[in-house]
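Please walk me through this model in the viewer, one selection at a time. I would like to know what to pick next and what is found there.

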Amino acid sequence: MPSASEAAVEARRLTKIFDGPSGEVRALDGVDLLIRKNEFFTLLGPSGCGKTTLLRLVAGFEQPSNGELLMDGRSIAGRPPHRRPVNTVFQSYALFPHMSVAENVGFALEMQGRPRAEIKDRVGQMLSLVKLRGLEERRPAQLSGGQQQRVALARALASQPQVLLLDEPLSALDLKLRKEMQIELKRLQSETGITFIFVTHDQEEALTMSDRIAVMSDGLVLQVGSPTEIYEHPTSRFVADFIGETNLLPARLEGRNEGHVVFRLESGGLLHGLDDGGHKKKDRVTLAVRPERAELAREAPGLPVSIEQIVYFGTDTHYHLHLEDSSLSFVVRRQNRSGATTNFQQGDRLHLQIAAEAVRVLQD
């Protein structure tokens with residue numbers, strides 16, 4: 001956990017309540033969060049989880065119902081948006097259609113009364129940073145979606161904010177361009193040293209770009225950590241299920257054997273893990289296993305399974321399985337390496353092998 005002196009933005013018991021048609025709606029419910037200076041921090045969660053509300057509170061477009069919000073260790077309660085060291089890049093980009101690229105980028109500096117020579121130099125620096133030199137005189141309508149995105153970023157960065165807020169800015173781009181812009185955004189954050197707070201519901205975006213991620217649901221922050229921590233060590237069923245693909249298996253804690261924790265599935269089959277999640281013998285638990293962490297074999301040992309469906313994705317193949325003597329299903333993902341063919345077919349009866357280190361015990 002970072003210290004308060006490292007914090008660019010800190011939320012303490014932050015709450016936001018809206019009036020809805022059926023009564024009060026708690027968009028944020030006592031959120032505690034500390035975002036470091038100079039990091040790429042992502043708020044991740046489904047629609048309605050509170051991530052955009054939190055972003056709007058930091059920007060000053062909304063005011064909290066309760067709790068504190070601090071920037072650089074100082075409260076920003078009641079401070080209007082234009083007096084906060086923050087800029088926002090919206091999903092729609094919000095470029096001025098009647099202005100050139102250079103005029104759009106320099107607009108905020110013009111409003112601040114900066115000298116023309118300074119504005120020209122700064123605009124040139126920003127367009128170089130986003131790789132748009134030579135397009136200064138074009139209008140937004142003459143640019144591609146990716147180029148408009150870069151202009152919006154250059155405009156937001158031109159005034160050198162302490163914090164840049166990005167509200168799902170890649171959602172309007174096609175898949176290939178979105179992946180390219182993920183790399184560009186991370187590069188821009190690294191080169192400028194500005195704190196980026198990025199809002200998305202796309203797990204791949206969050207894992208690709210972030211230094212740390214906060215997974216949100218129903219106005220709460222469920223887990224904060226690096227992409228590796230969030231993916232490999234989810235602390236709850238929601239986080240495990242929301243981040244990437246995972247297999248969720250109900251089980252009971254059976255005991256210990258040779259340093260391993262033993263879990264019994266409803267089929268009667270046993271799985272070994274390294275951690276009991278703080279549960280006691282015979283407690284019901286939920287186990288999570290990532291599809292790429294399991295293997296298929298024709299011979300025992302392993303849980304008996306049958307292949308229900310095989311789905312080819314180019315880079316890998318997904319095997320949809322049924323665990324015998326149970327109602328449980330399972331997916332195994334195998335990378336399609338050169339020459340790594342298996343000859344598995346739909347209907348084959350095989351054995352599912354899961355290493356102890358691949359098993360995670362989740363909170364409900």
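Start by selecting S326. In this predicted model, S326 has a relative accessibility of 14%, and because the cut-off for buried is under 20%, S326 counts as buried. The residue belongs to the loop that runs between strand 17 (316–323) and strand 18 (329–335). Now show what surrounds S326: leaving aside residues up to four places away in sequence, S326 touches E266 and S267.

**The whole protein**

Zoom out to the full chain. The protein has 364 residues, and buried residues make up 49% of them. Coloured by secondary structure, the protein shows eight helices and 20 strands. Its C-alpha atoms fill a box of roughly 75 × 50 × 40 Å along the principal axes. The accessible surface is about 18000 Å², and carbon and sulfur atoms account for 46% of that area. Among contacts with a separation of 6 or more, 65% are between residues 24 or more positions apart.

**Strands 1, 2 and 4**

Select residues 7–20, which are strand 1, together with residues 23–36, which are strand 2. These two strands run antiparallel and are joined by eleven bridges. The connection between strand 1 and strand 2 is a hairpin of two residues. To see one of the bridges, display K16, whose partner in strand 2 is L28.

Next add strand 4 (residues 66–71), which pairs with strand 1 in the antiparallel sense over five bridges. Here R12 is a residue to label, with E68 as its bridge partner in strand 4.

**The five-stranded sheet**

Strands of a sheet pair through backbone hydrogen bonds, either parallel or antiparallel. Which order do the five strands of the open sheet follow? The order is 13-12-11-14-20, and the pairing is antiparallel. Strand 13 (270–273) and strand 20 (360–362) are at the edges; each has a single partner strand, so one side of each lacks a neighbour in the sheet. On average, neighbouring strands of this sheet are turned by 50° against each other, direction ignored.

At one end of that order, select strand 14 (residues 284–289) and strand 20, which run antiparallel and are joined by three bridges. T286 is bridged to L362 in strand 20.

**Aromatic pairs**

Now show the aromatic side chains. The structure holds six aromatic pairs. One of them is formed by F40 and F196, a tilted pair with 5.6 Å centre to centre and 50° between the planes. F40 lies in strand 3 (residues 40–44) and F196 in strand 8 (residues 195–200), so this pair ties together parts that are 156 residues apart in sequence. Both F40 and F196 are buried. Add F198 to the selection: ring pairs link F40, F196 and F198 into a cluster.

Move on to F238 and F242. Is this pair stacked or tilted? The ring centres of F238 and F242 are 5.6 Å apart and the planes stand at 10°, so the pair is stacked. F238 and F242 are four residues apart in helix 8 (residues 237–242), so about one helical turn separates them. With 29% relative accessibility, F238 counts as partly exposed, whereas F242, at 15%, counts as buried.

**Arginines over rings**

Two stops show an arginine against a ring. Select R155 and F96: the charged end of R155 sits over the ring of F96, 5.6 Å from its centre. Then select R290 and Y231, where the charged end of R290 sits over the ring of Y231, 4.0 Å from its centre.

**Last stop: I183**

Finish at I183, in helix 5 (residues 175–192). Is I183 buried or exposed? Its relative accessibility is 57%, and because the cut-off for exposed is over 50%, I183 counts as exposed. To close, draw a line from the C-alpha atom of I183 to that of T208: the two residues are 25 residues apart along the chain, and these atoms are separated by 8.0 Å.

Definitions and conventions:
Residues are numbered from 1 along each chain as its sequence is written. This is a predicted model: local features need pLDDT of at least 70, side-chain atom pairs count only at pLDDT 80 or more; totals for chains, interfaces and linings use all residues. Side-chain values use heavy atoms; hydrogens and water are left out. Buried means under 20% relative accessible area, exposed over 50%, partly exposed in between (1.4 Å probe, protein chains only). Contact means heavy atoms within 4.5 Å. Two strands pair if DSSP finds at least two bridges between them. Axes are lines fitted to C-alpha atoms, for helices over the stretch in contact, and angles run from 0 to 180 degrees between N-to-C directions. Rings of Phe, Tyr and Trp (its six-membered ring) pair if their centres lie within 6.5 Å; planes under 30 degrees apart count as stacked, over 60 as edge-to-face and the rest as tilted. A charge sits over a ring if NZ of Lys or CZ of Arg is within 6 Å of the ring centre and within 35 degrees of the ring normal. Accessible areas come from the Shrake-Rupley method with a 1.4 Å probe; for residues, only the protein chains shown count as cover.
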